[in-house]
Amino acid sequence: MSWRDFWNGEHSIYVSPRHKALHYRAIATDLIGHIPAPNGVVLDHGCGEALDAGRVASACGRLYLCEAAPNVREKLRAQFGRRENITVVSPEEVEALPEATLDLVVANSLVQYLSRDELKALLKTWRGKLKPGGALVIADVIPPDVSPLTDASQLLAFAWRGGFLTAALAGLVRTAFSDYRKLRAQYGLSTYTPEAVTELIREAGFTTIERPANFGHNPHRMTFKATKSA
């Protein structure tokens, strides 16, 4: 099983429907904060089920939802197929987009599932698809010194605030025996220091690099915002 296979099937990453809804609501709010203009063209690369994408689409001109898992793409099309300004695409279809098309690219909680070479290739793709002056936001990057225990404690804090603590406790037990834990043990998750991410972004040809607040509930992970030179 690969990471793509994992996300394409049934899993228990979200401990309850409330957890999933609150997670995607928070991500949508954070994403909207980076949309440069109401007519902006936005790519959410590695969007997952993107339950609150309708709200994101209402804040921009066009929203591309990119997801590698075919079953997830079908769910997205079923949910958002009637929205004229939402287009569901595969990673291969992102590569086929015209150059200098996008105002904003967001990749949240994605790079940990990519190899370094895959990330370098995507950085070049994203830069090519962005308009001059467009922005790239890479969020939820895991530093090497953040452990699974830290992630678990942040989930429990989020669950306490969100009213699903009991489900979160049970979910952590399920995860300990799940395919996610096995895959994490087999493949690991890619981690980066702030300096390493900055270097990769600069190598791809981006200029100004900022460190805004991280997306979602875990402040121990990192977000980077870079601009394509005008």
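These legends walk through several close-up views of a predicted model.

**View 1. The open sheet and its edges.**
Start with the sheet, which is open and has 7 strands in the order β3-β2-β1-β4-β5-β7-β6. The pairing in this sheet is mixed. Strands β3 (86-89) and β6 (206-210) stand at the edges, and each has a single partner strand, so one side of each is left without a neighbour in the sheet. From one strand to the next, the twist averages 20°.

**View 2. Strand β1 and its parallel partners.**
Here we move to β1 (41-45), a strand that is mostly covered, with 5 of its 5 residues buried. Val41, Leu43 and His45 point one way from β1, while Val42 and Asp44 point the other way. On one pairing, β1 and β2 run in the parallel sense and share 5 bridges; valine 41 has arginine 62 in β2 as its bridge partner. β1 also pairs with β4 in the parallel sense, over 3 bridges. There, look for leucine 43 and its bridge partner in β4, valine 105. Together with helix α3 (residues 53-58), β1 and β2 make a right-handed β-α-β unit.

**View 3. An antiparallel pair and the helix that packs on the sheet.**
Strands β5 (residues 130-141) and β7 (residues 222-228) run antiparallel and are joined by 5 bridges. One place to find this pairing is leucine 136, whose bridge partner in β7 is alanine 226. Helix α6 (residues 116-129) packs on the sheet, where it touches β1, β4 (102-108), β5, β6 and β7. The direction of α6 makes about 145° with that of β5. Another helix, α4 (residues 70-80), lies across β2 (62-66) and β3, and runs at about 165° to β3.

**View 4. Helix α2 and its cover.**
Helix α2 (residues 17-32) has 16 residues. From its first C-alpha to its last it reaches 22 Å, close to the 22 Å expected at 1.5 Å a residue. The buried residues in α2 are His19, Leu22, His23, Tyr24, Ile27, Ala28 and Leu31. An α-helix has 3.6 residues a turn, so residues three or four places apart point the same way. What covers the buried residues of α2 includes β1, α3, β4 and α7 (148-162).

**View 5. Valine 111 and its surroundings.**
Valine 111 sits in the loop between β4 and α6. With a relative accessible area of 2%, valine 111 counts as buried, because the cut-off for that word is under 20%. Leaving aside residues up to four places away in sequence, valine 111 touches Leu119, Ile138, Val141, Ser190 and Tyr192. Glycine 46 is 65 residues from valine 111 in sequence, and in space the two are 9.3 Å apart, C-alpha to C-alpha.

**View 6. Two alanines with positive phi.**
Alanine 50 is not a glycine, yet its phi is positive, at about 45°. Alanine 50 belongs to the loop between β1 and α3, and is buried, with a relative accessible area of 7%. Alanine 100 has a positive phi as well, near 55°. The loop between α5 (91-95) and β4 holds alanine 100, which is partly exposed, with a relative accessible area of 37%.

Notes. Residues numbered from 1 in each chain as written. Predicted model: local features only at pLDDT ≥ 70, side-chain atom pairs only at ≥ 80, totals over all residues. Heavy atoms only, no water. Pairing = 2+ DSSP bridges. Helix = DSSP H or I, 4+ residues; strand = E, 2+ residues; numbered from the N terminus. Axes fitted to C-alpha atoms, helices over the stretch in contact; angles between N-to-C directions. Contact = heavy atoms within 4.5 Å. Buried < 20%, exposed > 50% of the residue type's maximum accessible area, 1.4 Å probe, protein only. Right-handed = clockwise from strand over helix to strand, strands pointing away. Expected span 1.5 Å × (residues − 1).
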